[in-house]
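Here are my notes on the model you sent round. I've gone from the whole chain down to single residues, so keep the viewer open as you read.

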Amino acid sequence: MEAIVRHAHREKVAAEAQQWADALIDLGPYNTLLHFKDTKTASLDVTDAHPQTLTSLLAGRKTRLAGLFPDTADHGPACTRARSLRRRMVELDEEQGIEAGRLALGLLRVDPPPTRGSTPVPTLRAPLLLQPLNIQPRTASENDFVLEAAGEAEINPVLLYALSRQYGMDGDMEALADKVATALEERVDPAGRIRAAYGILEADLIRSNLTVELEERIVAGIFSFDRLPMAQDLRSATELLADHPVIAALAGDQEANRALAEDTGPRPASGADDIPPPSEYLVLDADASQQTVISAALTGSHLVIEGPPGTGKSQTIANLIATFSAHGKRVLCVAEKRAAIEAVTDSLATVDLDGLVFDLHGNKLSRRQIAQQLHDALEQASQQAPPRPADLHTSLAHYREETLRHIQEFHQLLDPWRLSPHQTITHLMGCPPAHHTHLRLRGPALRHLHGEHYRQTEQDLRTFVAKKGLTVRRGESPWSHTQARTEDELRTVVAGLDQLTGTALNDTRRALENLVDTAGLRRADDLQGWQALLTLLHDVTATLTRFEAAVFAPGLDDLITATATATATATATAPGAKNTTGASAGGIAEN
């Protein structure tokens with residue numbers, strides 16, 4: 001019974017893996033490996049090029065486009081197509097590490113088989129043989145190019161896959177590909193190689209009741225089958241896939257789903273503050289969420305990490321690589337685009353750990369280059385002294401404890417307010433600028449400002465505001481500049497104001513007017529003028545305390561002359577005075 005269940009389990013995974021493989025291979029009408037179409041920007045037909053030059057190109061020698069198309073009328077359009085082809089080739093190479101430029105040697109046309117299915121099968125018009133092609137500009141202005149067929153021709157692998165999966169051709173596709181490869185090695189002439197490959201394939205197609213036709217053309221274009229190895233791996237690795245619980249669960253196996261659900265219970269993933277420094281191998285900055293991911297991965301959890309650009313996914317992958325490497329484990333990092341790989345390798349390079357990885361993205365790496373990477377990594381490791389991080393770990397533990405203590409105190413509720421510094425600062429930051437003050441309460445004043453003191457202070461402030469106290473503080477009230485500071489001083493001021501508002505003010509005004517009239521002075525028109533008159537009268541009074549009234553007699557000038565020094569003469573004038581000498585009492589008092 002167990003063997004039956006296990007067999008059904010493998011069959012389920014194998015069927016789903018086959019669907020995944022088919023999804024990787026685009027069998028639709030836009031795949032140029034199956035449905036080639038001549039376009040002005042993605043193809044360059046060299047079938048009718050100069051024969052001798054074309055033979056040189058197919059032999060692997062560098063060939064000028066001007067040699068293939070010596071006629072100016074043909075060379076111009078050929079340059080336009082070559083330029084567009086090269087730009088697309090460079091774009092795929094830089095972004096995804098794909099070498100997609102190839103020469104299609106012969107186009108195979110296969111009519112679809114009779115089908116009763118609901119999905120129609122289109123007619124194939126696929127390249128028969130493919131040979132890698134490089135295109136480089138010969139001049140800076142790109143008015144000529146150099147073409148090089150770098151590599152051996154091979155049968156179109158996607159064509160064989162489609163013939164087997166979609167068109168029902170019988171036979172072993174790998175054996176057929178090996179047979180074609182042997183035939184190509186035995187021939188040198190390009191036309192002979194195309195016919196030889198066609199002859200082998202035609203026989204198998206006829207046995208499968210398929211109609212086939214050959215177009216003897218040679219076309220440069222974009223032909224990429226980089227996903228085909230993955231599809232082949234999926235088809236041939238059924239045992240390996242079925243044994244992995246996640247893969248089996250993705251394939252829809254119910255038993256694997258249940259086992260995976262039981263295995264995803266809570267794990268003791270360590271937080272950032274729980275990992276002792278000797279066990280932490282972060283080489284780049286990581287926040288708490290990134291540290292959680294790394295800790296979960298170390299416990300064996302299956303993870304899917306999502307996040308928008310700039311959230312540190314590449315940085316987390318670099319930390320994962322360094323951490324797993326420190327634990328003696330291997331890491332496989334895959335990405336569709338070259339930029340994603342470079343983001344990880346560049347991050348490791350910033351901390352001199354680029355020697356940890358083999359950069360195998362793309363098709364350009366040879367065995368020699370891989371061996372050189374291995375040699376450089378081993379050489380770099382042999383030259384590095386063993387680390388001695390004991391002191392560093394002790395220091396990190398000390399600073400971590402201080403940081404954690406600071407965080408704890410920052411969020412601790414404090415008496416008597418039962419508020420934390422974090423809550424207080426957050427509340428203050430939310431206050432509008434108009435409510436800010438330079439008043440700072442510290443020490444005993446702050447400690448006593450709680451309970452009944454706080455409520456009484458709040459009530460006093462409300463009363464102060466209600467009684468226009470703020471207008472006094474801002475200088476907007478007549479009371480703003482009073483010198484009264486105590487209640488008794490304030491009562492004295494109020495009593496004086498009460499007298500002024502009664503008969504005292506009018507009586508005083510009449511007395512001053514009579515005095516000014518008697519002295520022969522002009523009445524003032526405003527408060528400032530009355531202040532000047534009162535000052536004058538005060539000065540006169542002060543003068544009379546020192547001199548007799550005779551000083552105001554008509555002979556004052558003679559008196560001044562008689563009492564002055566030989567070199568000085570004192571004269572003074574007072575506006576409004578009727579003294580015939582023009583001297584003021586204030587001036588006499590000052591002399």
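1. A word on naming first: helices here are DSSP runs of H or I with at least four residues, numbered from the N terminus. By that count, Asp-204 belongs to helix H7, which covers residues 190–207. Bear in mind that this is a predicted model.

2. Overall make-up. The protein chain carries 25 helices and eight strands. Buried residues account for 30% of its 591 residues. If you take the contacts between residues at least 6 apart in sequence, 65% of them join residues at least 24 apart.

3. Overall shape. What radius of gyration does the protein chain have, and what would a compact globule of 591 residues have? The chain comes out at 51 Å, while the globule would be near 25 Å. The C-alpha trace spans about 155 × 75 × 60 Å along its principal axes. For a feel of the distances involved, pick Gly-469 and Pro-113: they are 356 residues apart along the chain, and their C-alpha atoms are separated by 100 Å.

4. Surface and charge. The accessible surface of the chain is about 38,900 Å², and carbon and sulfur atoms own 54% of that. On the charge side, there are 58 positive and 78 negative side chains. The centres of those two sets lie 3 Å apart.

5. Helix H1. This one runs over residues 2–24, which makes 23 residues. From first C-alpha to last it reaches 33 Å, close to the 33 Å expected at 1.5 Å a residue. Which of its residues are buried? They are His-9, Arg-10, Val-13, Glu-16, Ala-17, Gln-18 and Ala-21, so do note the Arg and Glu in that set. The cover over these buried residues includes helices H5 (157–165), H8 (228–236), H9 (238–243) and H10 (245–250).

6. Helix H2. In this helix, residues 51–58, the buried positions are Thr-53, Leu-54, Ser-56, Leu-57 and Leu-58. Just after H2 comes Gly-60, with a positive phi of about 100°.

7. H7 and what follows. Is Asp-204 buried or exposed? Its relative accessible area is 15%, and buried means under 20%, so Asp-204 counts as buried. Leaving out residues up to four places away in sequence, Asp-204 touches Met-169 and Leu-176. In the loop between H7 and S8 sits Asn-209. Its phi is near 60°, a positive value in a residue other than glycine. Asn-209 is exposed, at 68% relative accessibility.

8. Strand S8. Glu-213 is in this strand, residues 212–222. With 46% relative accessibility, Glu-213 is partly exposed. Setting aside residues up to four places away, Glu-213 touches Leu-107, Leu-108, Arg-109 and Tyr-198. Take Leu-107: it is 106 residues away from Glu-213 along the chain, yet the two C-alpha atoms are separated by 8.5 Å.

9. Strand S4. Arg-125 lies in this strand, residues 124–132. The side chain may be charged in kind, but Arg-125 is buried, at 18% relative accessible area. Beyond its neighbours within four places, Arg-125 is in contact with Leu-34, His-35, Phe-36, Lys-37, Asp-38, Leu-107, Leu-108, Arg-109, Glu-215 and Arg-217. The C-alpha atoms of Arg-125 and Leu-214 are 9.2 Å apart, with their positions 89 residues apart along the chain.

10. Around H20. Lys-468 is in the loop between helix H19 (451–466) and H20. Its phi is near 65°, positive although the residue is not glycine, and Lys-468 is exposed at 56% relative accessible area. Gly-469 is in helix H20, residues 469–473. What is the relative accessible area of Gly-469? It is 6%, so Gly-469 is buried.

11. Helix H22. This helix covers residues 503–518, 16 in number. At 1.5 Å a residue they should span 22 Å, and the end C-alpha atoms are 23 Å apart, which agrees. Just after H22, Gly-520 takes a positive phi of about 75°.

Note on methods. Residues are numbered from 1 along each chain as its sequence is written. This is a predicted model: local features need pLDDT of at least 70, side-chain atom pairs count only at pLDDT 80 or more; totals for chains, interfaces and linings use all residues. Side-chain values use heavy atoms; hydrogens and water are left out. Helices (H or I, at least four residues) and strands (E, at least two) are DSSP runs, numbered from the N terminus. The radius of gyration is taken over C-alpha atoms; the globule rule is 2.2 Å times the number of residues to the power 0.38. Buried means under 20% relative accessible area, exposed over 50%, partly exposed in between (1.4 Å probe, protein chains only). Contact means heavy atoms within 4.5 Å. Accessible areas come from the Shrake-Rupley method with a 1.4 Å probe; for residues, only the protein chains shown count as cover. Lys and Arg count as positive and Asp and Glu as negative; His and the chain ends are not counted. The place of a charge is taken as NZ of Lys, CZ of Arg, CG of Asp or CD of Glu. The expected span of a helix is 1.5 Å times one less than its number of residues.
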